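Student: Got a minute to walk through this model with me? I'd like to begin with how the pieces are named.

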Amino acid sequence: MKSAFLPDRGVIKVAGEDARNFLNGLVTTDVDKLKPGLGRFGALLTPQGKIIVDFLITEAPAGHGGGFLIDCPKALADGLATKLKFYKLRAKVTVENLDLGVLAAWDGQPAAQPDLAFTDPRNGELGTRILIPEDLKQKLTDLIGAELVDVTDYEAHRIALGVPRGGLDFMYSDAFPHETNMDRLAGVDFDKGCYVGQEVVSRMQHRGTARTRSVKVLLDDLSPELGVSVMAGDKSVGTMGSSAKGKGIALVRIDRVADALDAGQPLTAGGLTVTLAEPDVVRIPLKQPTA
């Protein structure tokens, strides 16, 4: 089993008697389904339905004071805390940015289960996330029976699984949840009550209007630069995101990529060949038939 401390992640705590209902009225995931030891994937959106920040969230056990812990990009943590405080109005809620980070552990089962740990809800193969101060990373790694490795190993693992990362594979405040596969990674609960941006997200779901998607790609010996255009002939069909060890993630117009594949046109990025890892993903009907 491997573990890596993720220096780009921060943790915000939302507590108080109104915390559950407060969060549930704001974010894409159903906070009512949370309990200690369980994590969910979600996002806070603009009223127009675009992602301000995506995150993983768990409920803290009573021994840690209860409340909800939000594992989010560290660079956006202060902004998220400010945004939540703006929304709270008269709700009995406290919001604070904690001095905690995230230890990710994968390729096996932990020998022990720390208190603030949960399975990554986006994809079980991403493993376990443990919320701890950075100075405890070696101690916790030893406790769960893992080998502490560099964060680049975790990034390569994430990329191989095709799980997008904000700021690399899509830009915050510019992408809709469907475009980053949040609907496929259990990041949007379509049965819960209202939240900010819900109307737009629900319309995309029911009308099947998501034409842009994050897709897994296979690369040759070299990796294209981050942000370079993915081309089909002389036409841009998307943007290259993160890559490692011959695999990558690209944000593409799936209808245009499907047309290129049908025409036998190869895809390139920065002059390098790009191949879809799962070609059928661009041919899946955007709106699934109902029984």
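Tutor: Sure. Helices and strands here are DSSP runs, numbered from the N terminus, with at least four residues for a helix and at least two for a strand. Keep in mind that this is a predicted model.

Student: OK, so what does G208 do just after α5?

Tutor: G208 takes a positive phi there, about 65°.

Student: And which residues of α5 itself are buried?

Tutor: In α5, residues 198-207, the buried ones are Q198, V200, V201, S202 and M204. Part of what covers them is β3.

Student: Switching to sheets. What's the strand order in the open one?

Tutor: The order is β8-β9-β7-β1-β10, five strands with mixed pairing. β8 (117-119) and β10 (147-148) are at the edges with a single partner strand each, so one side of each has no neighbour in the sheet.

Student: How many bridges link β1 and β7?

Tutor: Five, and the two strands pair in the antiparallel sense. For one register point, S3 has A105 in β7 as its bridge partner.

Student: What lies across that sheet, on β1, β7 and β9?

Tutor: That's α4, which runs at about 105° to β1.

Student: Which residues have the most contacts inside the largest nonpolar core?

Tutor: L45, I51, L69, L131, Y154, F170 and M182, in a core of 30 residues. At least two residues of this core come from each of β1, β3, β4, β7 and α4. There's also a second, separate core of 23 residues, with I57, C72, A77 and V95 among them.

Student: Back to F170. What is F170 in contact with, leaving aside neighbours within four places in sequence?

Tutor: I51, D54, P164, R165, A175, T180 and L251.

Student: Now β5. Is β5 mostly covered or mostly open?

Tutor: Mostly covered: six of its six residues are buried. β2 (residues 9-15) is joined to β5 by six bridges and runs antiparallel to it, with R9 opposite P73. β4 also pairs with β5 in the antiparallel sense, over four bridges, and there I57 stands opposite I70.

Student: And the loop between β4 and β5, is G63 in there buried or exposed?

Tutor: G63 is exposed, because its relative accessibility is 77% and the cut-off for exposed is over 50%.

Student: How far is the C-alpha of G63 from that of D115?

Tutor: The separation is 8.9 Å, for two residues 52 apart along the chain.

Terms used:
Residues are numbered from 1 along each chain as its sequence is written. This is a predicted model: local features need pLDDT of at least 70, side-chain atom pairs count only at pLDDT 80 or more; totals for chains, interfaces and linings use all residues. Side-chain values use heavy atoms; hydrogens and water are left out. Buried means under 20% relative accessible area, exposed over 50%, partly exposed in between (1.4 Å probe, protein chains only). A nonpolar core is a set of buried Ala, Val, Leu, Ile, Met, Phe, Trp, Tyr and Cys residues joined through side-chain atoms within 4.5 Å. Contact means heavy atoms within 4.5 Å. Two strands pair if DSSP finds at least two bridges between them. Axes are lines fitted to C-alpha atoms, for helices over the stretch in contact, and angles run from 0 to 180 degrees between N-to-C directions.
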